[in-house]
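Student: I have just opened this structure and would like a guided look at it. Could you take me through it step by step?

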Amino acid sequence: RRLVVLVSGTGSNLAALLAAHEDPAYGARVVGVVSDRAGVAALDRARAAGVPTAVVALADFPDRAAWDRALAEAVGVFSPDLVVMAGFMKLVGEAFLARFGGRAVNTHPALLPAFPGAHGVRDALAYGVKVTGCSVIVVDGGVDSGPIVAQTPVVVEPDDDEDSLHERIKAVERTLLVETVGAVARGGLRVDGRHVRVGGG
Ligand code: GRF
């Protein structure tokens, strides 16, 4: 199975996928990495792994719809079976969803539907939850609102700040993402309303 990974920053989730795909039994290979921002570490990780990259920056387009169409084109060049958003910080629109809806997943560092959006870790900490975690969802047109594929809980420690909690979440998030993407690549993804089944051929 061909994976295209969308990134915006550090790329620790991408790094985990690049390590996993070295094993032929994983059932999927990262064939392209697309970022909405140039000069991020995730692009360096892709290049170091010999994976082609592309940058589609919003500032280079007259409006979001044009950017969304360009993003769909750039991803389509790699003919993905599955698109994985890994630290990708933009909402996709109609053009992208028309081509990849139902075969794009996203990872989020909170137990959705709690704490969606760009500051899930900070919001969970501020709320005072004792348990948060990470979620892999099917991408839809909303903000982290798609059907849930998999989740892992993470306990909040009393002395946690946003960074320490986010690092602890990221440690389990990359494992959840690698395992979930592998299962989807090997066995498929069936979405029935809000309910998702992975595998089952
Ligand atoms: C991840 O926790 C992701 O869920 C969130 O930001 C972090 C990005 O990490 N959106 P990285 O770029 O994969 O290191």
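**A walk through the fold**

Student: What is the strand order in the open sheet of 7 strands?

Tutor: Happy to start there! This is a predicted model, where local features need pLDDT of at least 70, side-chain atom pairs count only at pLDDT 80 or more, and totals for chains, interfaces and linings use all residues. Residues are numbered from 1 along each chain as its sequence is written, and side-chain values use heavy atoms, with hydrogens and water left out. Strands are DSSP runs (E, at least two residues) and helices are runs of H or I of at least four, numbered from the N terminus, and the open sheet has mixed pairing and the order 3-2-1-4-5-6-7.

Student: Which are the edge strands?

Tutor: Two strands pair if DSSP finds at least two bridges between them. An edge strand here pairs on one side only, and that holds for strand 3 (53–55) and strand 7 (148–155).

Student: In which sense do strand 1 and strand 4 pair?

Tutor: In general, strands of a sheet pair through backbone hydrogen bonds, either parallel or antiparallel. Strand 1 covers residues 2–7 and strand 4 covers residues 82–85, with 4 bridges between them. Leu3 stands opposite Leu82 in strand 4. The sense of this pairing is parallel.

Student: How many residues of helix 1 are buried?

Tutor: Buried means under 20% relative accessible area, exposed means over 50%, and partly exposed lies in between (1.4 Å probe, protein chains only). Helix 1 spans residues 12–20 and is mostly covered. Its buried residues include Leu14, Leu17 and Leu18. The count is 7 of its 9 residues.

Student: What covers the buried residues of helix 1?

Tutor: Here we look at contacts, meaning heavy atoms within 4.5 Å. The cover draws on both strands and helices, and includes strand 1, strand 2 (29–35), strand 4, strand 5, helix 2 (41–48) and helix 6 (162–187).

Student: Where does UniProt place the feature "active site"?

Tutor: The label comes from an unreviewed UniProt entry. UniProt positions are given in the numbering used here, feature names are shortened, and annotations may be inferred rather than shown by experiment. The residue lies in strand 5 (residues 104–108), and the entry names His108.

Student: Is His108 buried or exposed?

Tutor: Not counting residues up to four places away in sequence, His108 touches several residues, among them Phe115, Cys134, Asp144 and Glu173. Its relative accessible area is 3%, so His108 is buried.

Student: And what is the relative accessible area of Cys134?

Tutor: Cys134 lies in strand 6 (residues 131–138). Leaving aside neighbours within four places in sequence, its contacts include His108, Leu111, Ile169 and Leu176. Cys134 is buried, and the value is 1%.

Student: Which residues does the annotation "domain: Formyl transferase N-terminal" cover?

Tutor: This name, too, comes from an unreviewed UniProt entry. The span it marks is 36% helix and 23% strand, and its end C-alpha atoms lie 11 Å apart. The annotation covers residues 2–181.

Student: What radius of gyration does the protein chain have?

Tutor: The radius of gyration is taken over C-alpha atoms, and the globule rule is 2.2 Å times the number of residues to the power 0.38. For 201 residues, a compact globule would be near 17 Å. The chain agrees with that, having 16 Å.

Student: What share of the residues of the protein chain count as buried?

Tutor: The chain holds 6 helices and 9 strands. Its C-alpha trace spans about 45 × 40 × 35 Å along its principal axes. Of its 201 residues, the buried share is 49%.
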